[in-house]
Amino acid sequence: MGSETLSQDSLRAAVRAAGIEAPPRYHASIGSTNVEAARLAAEGAPAWTVVAAGHQTEGKGRLGRRWVEAPGRGLLMSVLLRPRIDPAEAPLISLLAALAMADACRELTTAEVGCKWPNDLVIGERKVGGVLAEARIEGGEVIHVVVGTGVNARMRAEDFPQELRPTATSLEVEGEAVHPALLVRRYLERLRRGLGREGFSPALLDAYRERCVSLRRTVRATTTEGEEVEGMAVDVDERGGLVIETPRGRRAVAFGEVAHLAPEGLPTRPEA
């Protein structure tokens, strides 16, 4: 069962088992599940519409980075949400999605999947997946959020480009086999519990802090403006920002990239 791939039928069954009525869409190959979900959103598709694919030709991660995957060997999916939240809370959706997938992986495998702030899934220091949440905000209201999630489920070591092999892994490389449809179901169940009709579960931040491998580590955060903030990561604040203790006091980084640092101040591994 662990070697099987996702299909329209297995996706539909997983979505229904998670209690979602919106019809899902499966594509053997597509440019980007996020782009397709956003197109469906503009056409009025209901909340919790799921778009999944066996292969993406234009997949991307945060900051426009290319998402590397092997056809049929990754879990590639996007979920359309229409949450009733304040725009300032939108970053919490990335944390929720990462937490939901990390916990789904942990339930179905023995892999200790953790969350690297703000949106990566890691096993140890190696990346196994990631989240890309894209919100449409108009007039101070969140119209919709498309949450894309990619997991290196069945990729083999040779499927990764040479330069990524030290920093990337997959569930299969770690010795774990899981049916992608079951992973979809468990992920969606957790996502639904974490984001109700009136907003986020009060337990979200505490649960994310428990899974966040960036906390209690010396880190270097590079903001979207290019500023570097270095120090001990001590908390995740109520808006999802990473709180860093620096020699000049505490700083909350709302958006950015984080490198985990070794005691001597050097990155523990090259960034994937």
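Here is a short chat about salt bridges in this predicted model.

Me: What should I know about the model before we start?
Reply: It is predicted, so local features need pLDDT of at least 70 and side-chain atom pairs count only at pLDDT 80 or more, while totals for chains, interfaces and linings use all residues. Residues are numbered from 1 along each chain as its sequence is written, and side-chain values use heavy atoms, with hydrogens and water left out.

Me: Why is the contact of Glu107 and Arg186 called a salt bridge?
Reply: The term asks for a side-chain nitrogen of Lys or Arg within 4 Å of a carboxyl oxygen of Asp or Glu. Glu107 and Arg186 meet at 3.0 Å, N to O, so the pair fits the definition. The structure holds 22 salt bridges.

Me: What makes Arg186 buried and Glu107 partly exposed?
Reply: Buried means under 20% relative accessible area, exposed over 50%, and partly exposed in between (1.4 Å probe, protein chains only). Arg186 has 18%, so it is buried; Glu107 has 42%, so it is partly exposed.

Me: How do you know that Glu189 and Arg185 are about one helical turn apart?
Reply: Both sit in helix H4, 4 residues apart, which means a separation of about one helical turn. Helices here are DSSP runs (H or I, at least four residues), numbered from the N terminus. The closest N and O atoms of their salt bridge are 2.9 Å apart.

Me: Which residues join Glu189 and Arg185 in a network of salt bridges?
Reply: Glu107, Arg186 and Arg190 are linked with them.

Notes:
Helix = DSSP H or I, 4+ residues; strand = E, 2+ residues; numbered from the N terminus.
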